[in-house]
Amino acid sequence: MALYSFVCFSLLLTVSAEFQWKHHNNEELPLVLQEVHNNCPNITRIYALSEPSVCNVPLYVIEFAQVPGFHRPYIPEAKYIGNIHGNEVLGRELLLGLAHYLCDQYRKNDPEIKALITNTRIHLLPSMNPDGWQLATDTGGKDYLIGRTNNHEVDLNRNFPDLDAITFDFERQGLSHNNHLLKDLTQLSAPLEPETRAVMRWIMSTPFVLSAAIHGGDLVANYPYDESKTGASAAEYSASPDDETFKELAMTYALAHADMASPTRRGCHTTSSDDVSYNFGKQGGVTNGAAWYSLKGGMQDFNYLATNAFEITLELGCEKYPSAELLETEWNRNREALVEYLWKAHIGVKGVVSDSKGFIPNAIISVVNCTGSVTKPIRHDVTTGPYGDYYRLLTPGQYEITATHTGHFQASRMVSVPKNQKSAIILDFRLEEFQGKTNWLQDLSSFGVYSPSLRNSQPRIYKRSLYEKVAETMLENKEIVKQ
Ligand SMILES: *[C@@H]1O[C@H](CO)[C@@H](O)[C@H](O)[C@H]1NC(C)=O
Ligand SMILES: *[C@@H]1O[C@H](CO)[C@@H](O)[C@H](O)[C@H]1NC(C)=O
Ligand SMILES: [Zn+2]
């Protein structure tokens with residue numbers, strides 16, 4: 001008996017240490033997460049989103065962090081979402097595998113994974129559409145469409161509020177209002193599904209910086225915007241203000257993947273008779289969303305236009321429902337890319353905005369690209385979170401970063417963003433309050449001169465003296481008028 005239980009116990013241990021590559025059903029999914037949590041209790045936490053699916057399946061997330069359950073300043077948050085289309089199942093298994101891998105490598109003291117988890121808060125939602133998964137699985141997983149939608153037959157990646165329409169409208173009016181646009185929404189074109197609502201609450205309440213949603217049916221990393229500006233249904237490049245950064249994010253995944261970026265691989269839907277269909281390998285494994293085909297109500301553009309998060313869409317294989325024997329191979333083809341992409345939460349600049357009273361939440365961080373001879377504002381601001389912290393993903397170059405908040409003098413600094421960052425440049429701002437001075441200048445959002453000759457974190461916090469100079473001149477003028 002003693003021997004028997006010993007054998008059973010050790011068998012249990014070996015079994016629980018091994019991750020099995022197979023299609024995990026909706027009951028098995030949380031068990032895998034639980035097992036990972038049991039193996040790595042100090043750095044993981046499991047939680048469910050605020051609402052379950054239509055058929056009442058909870059949407060489980062596993063979080064990895066040095067201190068799970070809490071946002072900490074200077075620690076960017078990243079997320080992966082799988083299986084938003086129920087019949088596109090690879091992302092679901094890859095994220096379960098990734099959870100297992102992160103825990104395993106952490107326990108083995110893998111220095112890269114340890115550093116990643118110490119410095120990043122990572123959230124994995126393996127399945128956003130468990131009901132669609134069930135239908136696709138019950139019907140054999142072979143159909144291109146069955147199981148794509150949720151149980152109300154709604155495509156969840158068309159169900160998010162269409163904020164693109166709002167920002168394109170502002171753009172046409174010449175207004176550069178391109179962030180946190182949910183408050184500008186006046187109507188929904190369709191009711192929100194429970195899965196959409198749950199994910200919206202999640203992304204509005206967690207200060208995510210970086211994100212990717214995993215699909216299937218092609219092999220490409222797709223970046224914003226997904227919606228065309230003219231209404232064209234396909235083949236119209238729709239650039240966001242952060243086009244350069246998004247390209248770098250997408251290319252990071254494509255290049256670290258086994259062959260997404262390979263120009264010699266076969267396209268997914270090419271047949272000898274059909275040369276016109278896309279072979280994304282020939283364009284580096286990346287595409288702008290609307291340059292492929294335009295869609296409204298997608299999750300990717302919603303992330304960018306409603307929050308501070310930069311999300312891309314990963315299509316991880318020609319087959320939407322690969323057979324179980326292929327899953328481990330697919331893991332090996334994606335593992336490096338999945339990890340490499342998470343490091344992108346650390347590109348650009350981050351910091352804390354404060355004043356004499358403490359942190360300033362909701363301060364605005366704006367950026368001017370001063371690389372080269374032409375300076376160019378990047379018309380997409382990010383905002384500080386509850387601890388006054390911000391994260392501004394940027395590509396290598398020279399930038400002027402400005403922190404603005406009502407009742408304070410704005411402050412700007414030049415910064416040089418290097419290549420191959422594994423840690424964002426830290427740029428904190430201590431803002432001076434107006435303190436009884438008239439604040440009639442506070443809405444002058446820019447003093448306009450961005451000299452490209454300013455380099456390398458050379459302080460440019462002379463906005464205050466500039467303010468005083470401008471104020472003096474205006475007072476002088478006033479007196480001249482009086483005389
Ligand atoms: C978790 O943390 C506790 C307290 O620091 C430590 O004693 C324990 O070994 C850790 N467990 C694991 C699995 O790392
Ligand atoms: C800034 O401009 C440089 C030069 O044009 C470019 O290489 C870089 O990607 C730009 N950065 C961003 C974030 O757009
Ligand atoms: Zn899809």
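Of the 483 residues of the chain in this predicted model, 46% count as buried. The chain contains 12 helices and 17 strands. Among contacts with a sequence separation of 6 or more, 77% join residues 24 or more positions apart.

**Helix α10 and its surroundings**

Helix α10, which spans residues 299-306, is mostly covered, with 8 of its 8 residues buried. These buried residues are M299, Q300, D301, F302, N303, Y304, L305 and A306. The elements that cover them include the helices α6 (163-172), α7 (194-205) and α9 (289-292). The strands β5 (208-215) and β8 (310-317) are also among the covering elements.

**Y225 and the cis peptide bond**

One residue of α10, D301, also belongs to the surroundings of Y225, since Y225 is in contact with D301. The two residues are 76 residues apart in sequence, yet their C-alpha atoms are 6.0 Å apart in space. Y225 is placed in the loop between β6 (218-223) and α8 (243-256). Although it is a loop residue, Y225 is buried, because 27 other C-beta atoms lie within 10 Å and 20 or more suffice for that class. Beyond its neighbours within four places in sequence, Y225 is in contact with D164, S238, S240, G289, A290 and D301.

The backbone leading into this residue also deserves attention. Most peptide bonds are trans. The bond from P224 to Y225, however, is cis, with omega near -5°.

**Packing of α3 with α2 and α11**

Two packed helices are described by the angle between their axes and the distance between the axes. Helix α3 (residues 90-107) takes part in a packing with helix α11 (residues 327-343), and α3 also packs with helix α2 (residues 28-39).

The axes of α3 and α11 come within 10 Å and cross at roughly 65°. The two helices are therefore roughly perpendicular to each other, as angles of 65 to 115 degrees are classed that way. Their crossing is right-handed. On the α3 side, the residues of the contact are L90, E93, L94, G97, L98 and Y101. On the α11 side, they are L327, E330, W331, N334, R335 and L338. By class, this contact has 7 nonpolar, 2 polar and 3 charged residues.

The axes of α2 and α3 are 10 Å apart, and the angle between them is about 10°. Because this angle is under 35 degrees, α2 and α3 are roughly parallel to each other. L29, V32, L33, V36 and N39 of α2 meet L96, A99, H100, C103 and R107 of α3. The residues of this contact divide into 7 nonpolar, 2 polar and 1 charged.

**A337 in α11**

Helix α11 also holds A337. This residue is buried, with 22 other C-beta atoms within 10 Å. Aside from neighbours within four places in sequence, A337 is in contact with Y253, A256 and H257. H257 is 80 residues away from A337 along the chain, and their C-alpha atoms are separated by 5.1 Å.

**Positive phi values**

Most residues other than glycine have a negative phi. N56 has a positive phi, near 70°, and the phi of H180 is also positive, near 50°. N56 is found in the loop between β1 (44-48) and β2 (60-64), whereas H180 lies in the loop between α6 and α7. N56 counts as exposed, with 11 C-beta neighbours inside 10 Å, while H180 is partly exposed, with 18 other C-beta atoms within 10 Å.

The table sets out the C-beta neighbour counts and burial classes of the individual residues discussed above.

| Residue | Other C-beta atoms within 10 Å | Class |
|---|---|---|
| Y225 | 27 C-beta atoms | buried |
| A337 | 22 C-beta atoms | buried |
| H180 | 18 C-beta atoms | partly exposed |
| N56 | 11 C-beta atoms | exposed |

**Surroundings of ligand 2**

The residues around ligand 2 are E244, T245, N369, T371, G372, I378, L394, T395 and G397. By class, the shell around this ligand has 2 nonpolar, 6 polar and 1 charged residues.

Terms used:
Residues numbered from 1 in each chain as written. Chains lettered and ligands numbered in written order. Predicted model: local features only at pLDDT ≥ 70, side-chain atom pairs only at ≥ 80, totals over all residues. Axes fitted to C-alpha atoms, helices over the stretch in contact; angles between N-to-C directions. Helix = DSSP H or I, 4+ residues; strand = E, 2+ residues; numbered from the N terminus. Parallel < 35°, antiparallel > 145°, perpendicular 65-115°, else oblique. Left-handed = near helix turned anticlockwise from the far one by under 90°. Contact = placed C-beta atoms within 7 Å. Nonpolar A, V, L, I, M, F, W, Y, C, P; charged D, E, K, R; others polar. Buried ≥ 20, exposed ≤ 12 C-beta atoms within 10 Å, placed from the backbone. Near = placed C-beta within 6 Å.
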